[in-house]
Amino acid sequence: MFKVLVTRKIMQPAIDLLNKYCNVEINPYDRPMTRTELLEAIKDKDAVLAQIVDKVDKEFFDNAPNVKIVANFGVGYDNVDLAEATKRGVYITNTPDVLTNATAELAWALLFAAARRIVEADRFTRAQSKNWGPNLFLGKGITGKTLGVIGAGRIGQAFARMSKGFNMKILYYNTTRKEEFEKELNAQFVNLETLLKESDFISLHVPLNEKTRHLIGERELSMMKTTAILINTARGPVVDEKALVKALKERRIFAAGLDVYEKEPEYEKELATLDNVVMLPHIGSATEESRTDMALLAASNIVDFIEGKIPRTLLNKDVLK
Ligand code: NAP
């Protein structure tokens, strides 16, 4: 029977589906598998349902001679060496769309929390009984401001769409123009510099690759308004974290909202000492609905493969050639 490794326990409906078609082994621990555990467990497997923290590289494939498909539990696949997989004829799939709204919603949660200083105010309220004051926790208004979207793909566009009630001007920067998106939201396609200089809120939605690594560094942060707020729900290395700490400390920007970090699960320790940053532990897609759909989609890709069909969200289509 087809042997599958699930590298972290996921929602039960997906396990039930896999059980109908394969022999399923699941990481028994409530933590990611160590590299040694992972390399050992994949030795006899035909498929792996992997997490984005699992590095799927040359060493991985060398240790998994039978593996035919890796279903990544996430839309981002910067953990996977796609070219190496294709070279070896291994199918790689991801989980697009089913996490788009959850991640866009979380970007808004961070935007609101950073703009209105929600986390700081919550800590303050718990610590003492002081209340209303004309200057207590002044934040930044949102309605009518300028929203800058970097990476107007599925999540970036959904994020922008959610601004409808706030009457915002939308600027976007992307590798290609998105004319339907422009028409729908009256969004303006601008270069990165213009977006950085003119936006009140800047939200990152690009994938991590060699072109987007440190897309936001010291130079870019210095172009932003001193009142601006930066939101990152994309991938940590898109932002130079050391430069961000410096900008936040020196109040060169107003605040940041982060779901992702440069060296997860680690982050620049100084971040945690700053009151103008809201920090989350990479929970962009963490809703019950989204995680269930992601698990089912990842499992369905494996089932598609077993049934001889093209997996529904196959990334490396060249593998079919
Ligand atoms: P997507 O639909 O592929 O959108 C990515 C967009 O970025 C595309 O419009 C793409 O342009 C654009 N882009 C790529 N490289 C660029 C560059 N160098 N400069 C400017 N724009 C660039 O992907 P998605 O589904 O929206 O997901 C986006 C990313 O969010 C994922 O890759 C993942 O890393 C991250 N994510 C994080 C979480 C979380 O838990 N925090 C959850 C889900 C996703 P083209 O259309 O021209 O290719």
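Is Asn167 buried or exposed? In this predicted model, Asn167 counts as exposed, because its relative accessible area is 61% and anything over 50% falls in that class. The residue sits in the loop that runs between helix 7 and strand 7. Its backbone is a bit out of the ordinary too: phi is positive, at about 50°, even though Asn167 is not a glycine. For background, a negative phi is what most residues other than glycine have.

Asn186 tells a similar kind of story. Here phi is near 55°, again a positive value in a residue that isn't glycine. Asn186 belongs to the loop between helix 8 and strand 8 (188-189). With a relative accessibility of 64%, Asn186 is exposed as well, so it also clears the 50% mark.

One more backbone oddity turns up at Pro265. The peptide bond joining Glu264 to Pro265 is cis, with omega at about 5°. Most peptide bonds, by contrast, are trans. Pro265 lies in the loop between strand 11 (255-258) and strand 12 (277-279).

Now for the inside of the protein. Helix 7, which spans residues 154-161, is mostly covered, with six of its eight residues buried. Those buried residues are Ile155, Gly156, Gln157, Ala158, Phe159 and Ala160. What does the covering of the buried residues of helix 7 include? Two other helices take part, helix 5 (100-115) and helix 8 (179-185), along with strand 6 (146-150), strand 7 (169-173) and strand 9 (201-204).

Ile155 of helix 7 also shows up next to the ligand. The shell around the ligand holds 27 residues, and the closest are Ile155, Asn174, Thr175, Thr176 and Lys178. Sorted by character, the shell has nine nonpolar residues, 13 polar ones and five charged ones.

Several contacts to the ligand involve the protein backbone. A polar backbone atom of Ile155 is 2.8 Å from one of the ligand's oxygen atoms. Thr233 has a backbone N or O atom 2.9 Å from a nitrogen atom of the ligand. At Gly284, a backbone N or O atom lies 3.3 Å from a ligand oxygen. How much of the ligand's accessible area does the protein cover? On its own the ligand has 940 Å² of accessible area, and the protein covers 85% of it.

Methods: Residues are numbered from 1 along each chain as its sequence is written. This is a predicted model: local features need pLDDT of at least 70, side-chain atom pairs count only at pLDDT 80 or more; totals for chains, interfaces and linings use all residues. Side-chain values use heavy atoms; hydrogens and water are left out. Buried means under 20% relative accessible area, exposed over 50%, partly exposed in between (1.4 Å probe, protein chains only). Helices (H or I, at least four residues) and strands (E, at least two) are DSSP runs, numbered from the N terminus. Contact means heavy atoms within 4.5 Å. A residue is near a molecule or strand if one of its heavy atoms lies within 4 Å of it. A polar contact is a pair of N or O atoms within 3.5 Å; within protein, one must be able to donate a hydrogen and the other to accept it, and residues adjacent in sequence count only if both atoms are side-chain atoms. Accessible areas come from the Shrake-Rupley method with a 1.4 Å probe; for residues, only the protein chains shown count as cover. Ala, Val, Leu, Ile, Met, Phe, Trp, Tyr, Cys and Pro count as nonpolar, Asp, Glu, Lys and Arg as charged, and the others, Gly among them, as polar.
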